[in-house]
Amino acid sequence: MRAKRIPNLFILAVLVVSSAIALFPIYMAVINSLKTQGEMFESFLSLPTSLHFENYSQAFVKLDLLHSALNSP
Amino acid sequence: MELKGSKKYLSLAAFVTPALILYTLFLLIPTIGGIYYSFTDWDGLNQDYNFIGFGNFVEALRDDPDFLHSLWFTMKYVVFMIVLQNGLALLLAVFIETRRRTKGLFRTVLFMPNMISIIISAFMWTFVFSQVLPQLAVKTGLMFLDQSYLGDPKVSFFSILIVSLWNGVGYLMIIYIAAMQGVPQSMKEAAMIDGATPFQSFFKVTLPMIAHAITICLFLTLNNAFKVYEVVFGLTGGGPGRATQVITMNIYEEAFSNNFRYGYANAKSVILFVMILIFTLIQIKMTKKREVEA
């Protein structure tokens with residue numbers, strides 16, 4: 001009576017693939033936010049060689065993020 | 001203590017009045033005003049305007065190819081969204097419910113895109129579509145990945161769809177999971193003892209029992225898909241030309257960015273409103289009938 005079941009492995013594969021799709025753009029945004037401009041255009045997929053956290057501080061200052069954050073609750 | 005007669009109604013009114021006043025002031029009056037202006041040729045600034053009856057509506061539905069195109073594009077989007085978003089959400093919900101230890105992990109990961117604002121996710125995907133995927137195509141040799149995702153209207157329709165689904169599936173999935181956890185275990189067991197296969201037990205027991213969730217999810221999808229704006233704005237901006245323009249964008253352009261034909265834009269909004277109203281009423285009526293009690 002155990003016929004007609006969806007194979008366990010298939011279910012797992014679907015879940016893993018959809019999780020990968022769900023995470024891929026977020027992963028891309030995070031790793032590329034830590035690269036320099038030149039390093040980014042060389043390869044989008046590779047991991048950053050050194051972590052450039054100054055991108056964040058620059059974004060904070062140049063885009064005046066604090067002001068926008070106060071504007072958008 | 002039981003209140004009697006007019007005192008009972010007075011206390012009821014006291015509770016209702018504050019909400020009613022706010023509702024009238026901020027929703028009812030502007031709505032009625034908007035419907036009124038849809039019958040005029042007001043340009044948004046001028047003091048005087050003329051009452052022109054149904055002229056705006058006739059023009060929108062007969063002599064405005066851009067509006068009709070955006071209407072058709074939105075309808076196509078709505079159909080795809082209703083089928084795919086609910087189908088995928090239901091599938092993922094069923095699959096997640098079969099897991100034991102990794103249930104929480106998959107639920108969290110698949111819900112994550114929903115926590116990112118739509119406009120941000122549109123920009124993230126713009127980066128993926130215009131930079132990452134072409135480079136991936138060159139590096140791996142999978143040339144079918146190298147499409148003009150945002151330049152060719154035929155392809156960008158699906159790009160818009162992908163981003164909307166990526167953002168929206170998680171939310172419906174949570175609703176479906178919650179509904180499935182509300183299905184009594186005893187009913188599933190009874191079906192199993194009676195010799196039902198997993199498929200039969202899903203279609204004959206689970207699906208009818210979560211019909212109320214399907215009603216809500218269809219309603220949400222239908223409603224939001226008609227009002228789509230941010231995804232298209234972030235990805236293509238309606239372009240190239242007006243090829244991927246949706247109704248809301250057409251209305252915005254008419255009212256605020258190009259022509260300043262406020263009355264005409266109001267007429268288009270009323271058309272959109274009536275369409276959503278009719279479709280959701282039909283949908284609610286149809287799906288409500290299928291709901292069952294345990």
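Helices in this briefing are DSSP runs of at least four residues, numbered from the N terminus. With that in hand, welcome to a predicted model in which chain B reads α-α-α-α-α-α-α-α-α-α-α-α along its sequence. Its partner, chain A, follows the pattern α-α-α-α. Across the interface, 22 residues of chain B are in contact with 15 residues of chain A.

**Chain B as a whole**

- Chain B has 12 helices and zero strands.
- The radius of gyration of chain B is 24 Å, whereas a compact globule of 294 residues would have one near 19 Å.
- Measured out along the principal axes, the C-alpha atoms of chain B fill a box of roughly 80 × 75 × 30 Å.
- Buried residues make up 27% of the 294 residues in chain B.
- If you take the contacts in chain B between residues at least 6 apart in sequence, 72% of them join residues at least 24 apart.

**Chain A as a whole**

- Chain A has four helices and zero strands.
- For 73 residues, a compact globule would have a radius of gyration near 11 Å, but chain A comes to 20 Å.
- The C-alpha trace of chain A spans about 65 × 35 × 15 Å along its principal axes.
- Of the 73 residues in chain A, 10% count as buried.

**Where the chains meet**

- To recap the interface, 15 residues of chain A are in contact with 22 residues of chain B.
- On the chain B side, at least two residues each come from helix H3 (65-98), helix H4 (103-115), helix H5 (118-140) and helix H8 (198-209).
- H5(B) gives the largest share of that side, with eight residues.
- By class, the side of chain B that touches chain A has 17 nonpolar residues, five polar ones and no charged ones.

**H1 of chain A against H4 of chain B**

- Helix H1 (residues 8-32) of chain A crosses H4(B) at roughly 35°, and their axes come within 8 Å.
- The crossing of H1(A) with H4(B) is left-handed.
- H1(A) brings Leu15(A), Ser18(A), Ser19(A), Ala22(A) and Leu23(A) to this contact, and H4(B) brings Phe106(B), Val109(B), Leu110(B), Met112(B) and Pro113(B).
- Eight of the residues in the contact of H1(A) with H4(B) are nonpolar, two are polar and none is charged.

**H4 and H6 within chain B**

- H4(B) also packs on helix H6 (residues 153-181) of chain B, at an angle of about 130° and with the axes 6 Å apart.
- That angle makes H4(B) oblique to H6(B).
- The crossing of H4(B) and H6(B) is left-handed.
- From H4(B), the contact uses Arg107(B), Leu110(B), Phe111(B), Pro113(B) and Asn114(B).
- From H6(B), the contact uses Trp166(B), Asn167(B), Gly170(B), Tyr171(B), Met173(B), Ile174(B) and Ile177(B).
- The contact of H4(B) with H6(B) divides into eight nonpolar residues, three polar and one charged.
- Leu110(B) and Pro113(B) take part in the contact with H6(B), and both also appear in the contact with H1(A).

**A closer look at Val205(B)**

- Val205(B) sits in helix H8 of chain B.
- Val205(B) counts as partly exposed because it has 18 C-beta neighbours inside 10 Å, where 20 or more would make a residue buried.
- Leaving aside residues up to four places away in sequence, Val205(B) touches Met187(B), Lys188(B) and Ala191(B).
- From C-alpha to C-alpha, Val205(B) and Lys188(B) are 6.9 Å apart in space, although 17 residues apart in sequence.

Notes. Residues are numbered from 1 along each chain as its sequence is written. Chains are lettered from A and ligands numbered from 1 in the order in which they are written. This is a predicted model: local features need pLDDT of at least 70, side-chain atom pairs count only at pLDDT 80 or more; totals for chains, interfaces and linings use all residues. Two residues are in contact if their C-beta atoms, placed from the backbone, lie within 7 Å. Ala, Val, Leu, Ile, Met, Phe, Trp, Tyr, Cys and Pro count as nonpolar, Asp, Glu, Lys and Arg as charged, and the others, Gly among them, as polar. The radius of gyration is taken over C-alpha atoms; the globule rule is 2.2 Å times the number of residues to the power 0.38. A residue is buried if 20 or more other C-beta atoms lie within 10 Å of its own, exposed if 12 or fewer, and partly exposed in between; C-beta atoms are placed from the backbone. Axes are lines fitted to C-alpha atoms, for helices over the stretch in contact, and angles run from 0 to 180 degrees between N-to-C directions. Angles under 35 degrees count as roughly parallel, over 145 as roughly antiparallel, 65 to 115 as roughly perpendicular and the rest as oblique. A crossing is left-handed if the near helix is turned anticlockwise from the far one by less than a right angle, and right-handed if clockwise.
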